Amino acid sequence: MSGLNLDDFATLIERPDPGVRRDAEERRERLGLRPGALGRLDELAEWLAAAQGAVPVKPVEQVTALVFAGDHGVAKLGVSAGPEGGAAVLVKAALAGESAGAVLARRAGARLRVVDMAVDCDPAELPEEVTRHRVRRGSGRIDIEDALTPEEAEAAFRAGMAIADEEADSGTDLVVLGDLSVGGTTAAGTLIGALCGTDASVVTGRGGFGIDDLAWMRKCAAIRDGLRRARPVLGDQLELLAATGGADLAAATGFLLQSAVRRTPVILDGVVSAACALVAQRVAFRAPDWWLAGQAGGDPAQAKALDRMALNPLLDHGVTVGEGTGALLALPLVQAAAALAADLPERLPDRG
C-alpha cells in the first residue's frame, strides 16, 4: 500500500471559502426576512455558497445518488436480516427502479449510480458499468479474518477516488452517498467503535432490516471480536479498512476524501456512510466541512460518529433502509435553501 500516501489529503483538502461564506451572510442580512426566520435553511445556503465559491448560491440541479454495494462475510453469523440472496438482490431492485432509494432519486431528479465493489454474485448478473470497479466477491469475515488484502483495500480506495473525479468532472453539484450491503452495518459499527474507543454494545444497532434480540447479541459479539482486530491497526486508516471494513466501505472513504479535494459537497445517509466519513476525518480533519448529515436513523454508532464529527442531522425520521434513502429525503431542504438564498429579493435601501 506504499503507493498511496493518505497524508497528502490533509494538505490537499481546504475548507469551503470562509470569505464567500461571509459574503453570503451579509447578503442574507439584506433580504426582506427577519434574522432566523428560515431556521437552518440560512445555514445550509451559506454552507453551499462557501462550497460553490459563489454568491448568490447557484441552484442544486445536477445531483448524483451514489451507492456503493457489497456483501460482508460476517453476515454468515446471522447478524443481519438482509435478503437471502445478499446484496445482489438489493442491487437488482435498485437498478430496476423498485427500491426506496431508486424511487426517491427518480422523484428528486437525481441520477442513481450503483457501484458494485464486493457483491457476492457472478458479475455477469449485473451490468458492466455497475461491476467494473469490483475488487472481489464478498468481503472477509471481520471477526476472524481481514475483510480485504492490502492490495484490495488500496484498489477499492482508489476506485472511490476515481469515481469522485468522474462526478466532479461531469459537473455534479452535489452527491447523496448511500450503501447497499448485507452485513455492512456490522463493519460500520466496528470501525466507529474502534475510532471512538467504545465497547461493542455501545455501537451495535439493529441494522437496516431490523434484527431480533438474539441476532443483536450475535452482532454485538461479532463487533466485539472485530474491535480486537481493529485496535492494533488504528494508526493506519487503510489498514483499518482492510482489517475490519470492506471493499464498499474502503471505496466510500476514498470517494469522500477525493470529493473534498475536488470541492464537491456530499450528503451522508446512514451508519455506513457515517463510518466511512469518520475514517476519512482521521485522514484529513478538514474533510467533514464538505459534508452534511442527511438524517438520524436511530443507530447508536451513527449517532456517535456524527457527534465526533460535529455534524448535526437535517432530519430525524429513523430511516434505516439504506440506499441513500434518508439523505435523499433531506435533499429538497438543501435545494430549497439554495433557491431561497438566490431568488429572494434584497431590501431596497432606506432613502430616509
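In the predicted model, Asp169 and Arg262 form a salt bridge in which the closest N and O atoms are 2.7 Å apart. The two partners belong to distant parts of the chain, with Asp169 placed in helix α7 and Arg262 in the loop between α11 and β4, 93 residues apart. Asp169 counts as exposed, its relative accessibility being 60%, whereas Arg262, at 32% relative accessibility, counts as partly exposed.

This contact belongs to a wider set of charged pairs, since the structure holds 21 salt bridges. Another of these joins Lys92 to Glu125, with a separation of 2.8 Å between the closest N and O atoms. Because Lys92 lies in helix α4 (residues 87–95) and Glu125 in the loop between β2 (111–118) and α6 (128–131), this pair ties together parts that are 33 residues apart in sequence. Both ends of the bridge fall in the intermediate class of accessibility: Lys92 is partly exposed, with a relative accessible area of 37%, and Glu125 counts as partly exposed at 43%.

The loop between β2 and α6 also contributes Asp120, which forms a salt bridge with Arg137, the closest N and O atoms being 3.1 Å apart. Arg137 is located in the loop between α6 and α7, so that this pair ties together parts that are 17 residues apart in sequence. Asp120 counts as partly exposed, with a relative accessibility of 37%, and Arg137 is likewise assigned to the partly exposed class, at 49%. Beyond these individual pairs, a network of salt bridges links Arg111, Arg113, Arg132, Glu166 and Glu167.

Charged residues also appear in a patch on the surface. Asp17, Asp23, Glu25, Glu26 and Glu29 form a negative surface patch. Among its members, Glu26 lies in helix α2 (residues 18–29), and Asp23 is found in helix α2 as well. Glu26 counts as partly exposed because its relative accessibility is 42%, a value that falls between the limits of under 20% for buried and over 50% for exposed residues. Asp23 is also partly exposed, with a relative accessible area of 40%. As an indication of the spatial relation between this part of the chain and a position further along the sequence, the C-alpha atoms of Asp23 and Ala188 are separated by 38 Å, the two residues being 165 residues apart along the chain.

Aromatic contacts were considered next, and the count comes to two aromatic pairs. In one of them, the ring centres of Phe9 and Phe157 are 6.0 Å apart and the ring planes stand at 65°, so the pair is classed as edge-to-face, the angle being over the 60 degrees required for that class. Phe9 lies in helix α1 (residues 7–12) and Phe157 in helix α7 (residues 150–169), and the pair therefore ties together parts that are 148 residues apart in sequence. Both Phe9 and Phe157 are buried. Helix α7 thus holds a partner of each of two contacts described here, Phe157 in the aromatic pair and Asp169 in the salt bridge with Arg262.

Several features of the backbone geometry remain to be described. Most residues other than glycine have a negative phi, and most peptide bonds are trans. Against this background, the peptide bond from Val55 to Pro56 is cis, with omega near 0°, and Pro56 lies in the loop between α3 (40–52) and β1 (63–71). Arg263, although not a glycine, has a positive phi of about 65°. The place of Arg263 is in the loop between α11 (247–261) and β4 (266–268), the loop that also contains Arg262, the salt-bridge partner of Asp169. With a relative accessibility of 33%, Arg263 counts as partly exposed.

A positive phi is also found at Glu323, a residue other than glycine, where the value is near 65°. Glu323 is placed in the loop between α13 (300–309) and α14 (325–343). Glu323 is buried, with a relative accessible area of 10%, which lies under the 20% limit for that class, whereas Arg263 is partly exposed.

Notes: Residues are numbered from 1 along each chain as its sequence is written. This is a predicted model: local features need pLDDT of at least 70, side-chain atom pairs count only at pLDDT 80 or more; totals for chains, interfaces and linings use all residues. Side-chain values use heavy atoms; hydrogens and water are left out. Rings of Phe, Tyr and Trp (its six-membered ring) pair if their centres lie within 6.5 Å; planes under 30 degrees apart count as stacked, over 60 as edge-to-face and the rest as tilted. Helices (H or I, at least four residues) and strands (E, at least two) are DSSP runs, numbered from the N terminus. Buried means under 20% relative accessible area, exposed over 50%, partly exposed in between (1.4 Å probe, protein chains only). Patches are made of residues with over 30% relative accessible area and no salt bridge: like charges are joined within 9 Å, nonpolar side chains (Val, Leu, Ile, Met, Phe, Trp, Tyr) within 5 Å. Accessible areas come from the Shrake-Rupley method with a 1.4 Å probe; for residues, only the protein chains shown count as cover. A salt bridge is a side-chain nitrogen of Lys or Arg within 4 Å of a carboxyl oxygen of Asp or Glu. Lys and Arg count as positive and Asp and Glu as negative; His and the chain ends are not counted. The place of a charge is taken as NZ of Lys, CZ of Arg, CG of Asp or CD of Glu.
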